[in-house]
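The exercises below ask you to work from individual residues up to the fold as a whole. Each task is followed by a solution that goes step by step.

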Amino acid sequence: MNNIIGVFDKIWQIFQSSVVTNVLTIILLFFIFYYTISVMTKNNAKWLVLLLIFYVLITGIVFMSLDLTESQKALYFIVPAIFVLWNTVLFATEIKRDIWDLGIKKTSEPKLDRNVADPNATKCIDEIVKALQNMSKNDVGALIILANGNMPKAVLDSGVGVNSDISSALIESIFFPKTPLHDGAMVINGTKIESAGCFLPLAQEVNLPKELGSRHRAGIGITETISVTAIIVSEETGIISIAQSGKIKRYADSEMLRQTLKEYYWQELLGPKNI
């Protein structure tokens, strides 16, 4: 038993040596930098949060276990802390959205999955694109949210439940000017129009172009908070925009709309002839 304890004491002394400590410091910093850069590349905020928690735990263990110099402590703590916190600020929107998503109990299950026949997805895409293009030509404002059963109940309750099959005629009638629901957002969940006339949180970004009104801010705002896609038609110009992850792309044409909808319906294998 004494021999075993002696072996562990020698191993511990090796780990406390300055050379080994410096090597471990370099290795730890390498993995922190590597995985942080990987998170940046993949734009995965959940892993950034886990990385920050992991870093804090490892730093605490190192501080308690090893006899470090002041410079080594600074190397372990200050440099990677600044790096990780900088990325936390950089991904503030994604972190907020992912944390919000974790706390949301899905209101309903998605109505469409990979096993649904292609014609069903194609029909939904055709009807939505047709409605968007018609409203764009007539300068009818619209805000459509492509959800996946993840809209908060409070948002859905702020509107009127529809639970109807998707059709261009219904979409256009809901957004027709002066109708009771035209100012709110329509929530599409799979092959159903789930709700209409919903109120959404507005984006807090102060640098948005002045021509983007409350409808655009609501579309951007909901995508900052929840993993959904918003399609906005401007009432003033008829320009169609697509908002995802707090970012907006303007001047969406038919091809861009179909690509966005195809991704929403998980139909990666549909060819041009079907779309």
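**Exercise 1.** Is T223 buried or exposed, and what is its relative accessible area?

*Solution.* The coordinates come from a predicted model, and every value below is computed from it. The cut-off for a buried residue is a relative accessible area under 20%. T223 has a relative accessible area of 0%, so it is buried. As for its place in the fold, T223 belongs to helix α9, and its side chain comes to 3.0 Å from the backbone nitrogen of G246.

**Exercise 2.** Compare the expected span of helix α9 with the distance between its end C-alpha atoms, and then decide how far the helix is enclosed.

*Solution.* Helix α9 covers residues 214–225, which makes 12 residues, and at 1.5 Å a residue it should span 16 Å. The end C-alpha atoms of α9 are 16 Å apart, which agrees with that expectation. Turning to burial, the buried residues of α9 are R215, H216, A218, G219, I220, G221, I222, T223, E224 and T225. Since 10 of the 12 residues are buried, α9 is largely enclosed by the rest of the structure.

**Exercise 3.** Establish which residues of strand β5 are buried on each side, and identify the strands with which β5 pairs.

*Solution.* In a regular strand the side chains alternate between the two faces of the sheet. In β5, T229, I231 and V233 are buried on one side, while A230 and I232 are buried on the other, so that both faces are covered. Five of the five residues of β5 (residues 229–233) are buried, and the strand is therefore largely enclosed by the rest of the structure.

The next step is the pairing. Strand β1 (residues 142–147) runs antiparallel to β5 and is joined to it by five bridges, with L146 standing opposite T229. Strand β6 (residues 240–244) is likewise antiparallel to β5, again with five bridges, and here I231 has I242 as its bridge partner. β5 and β6 form a hairpin with six residues between them, and G238 in the turn has a positive phi of about 80°.

**Exercise 4.** Describe the protein as a whole in terms of secondary structure, burial and contacts.

*Solution.* The secondary structure comprises 10 helices and seven strands. Of the 275 residues, 42% count as buried. Among contacts with a separation of 6 or more, 68% join residues 24 or more positions apart. Finally, the accessible surface is about 15,500 Å², and 62% of that surface belongs to carbon and sulfur atoms.

Terms used
Residues are numbered from 1 along each chain as its sequence is written. This is a predicted model: local features need pLDDT of at least 70, side-chain atom pairs count only at pLDDT 80 or more; totals for chains, interfaces and linings use all residues. Side-chain values use heavy atoms; hydrogens and water are left out. Helices (H or I, at least four residues) and strands (E, at least two) are DSSP runs, numbered from the N terminus. The expected span of a helix is 1.5 Å times one less than its number of residues. Buried means under 20% relative accessible area, exposed over 50%, partly exposed in between (1.4 Å probe, protein chains only). Contact means heavy atoms within 4.5 Å. Accessible areas come from the Shrake-Rupley method with a 1.4 Å probe; for residues, only the protein chains shown count as cover. A polar contact is a pair of N or O atoms within 3.5 Å; within protein, one must be able to donate a hydrogen and the other to accept it, and residues adjacent in sequence count only if both atoms are side-chain atoms. Two strands pair if DSSP finds at least two bridges between them.
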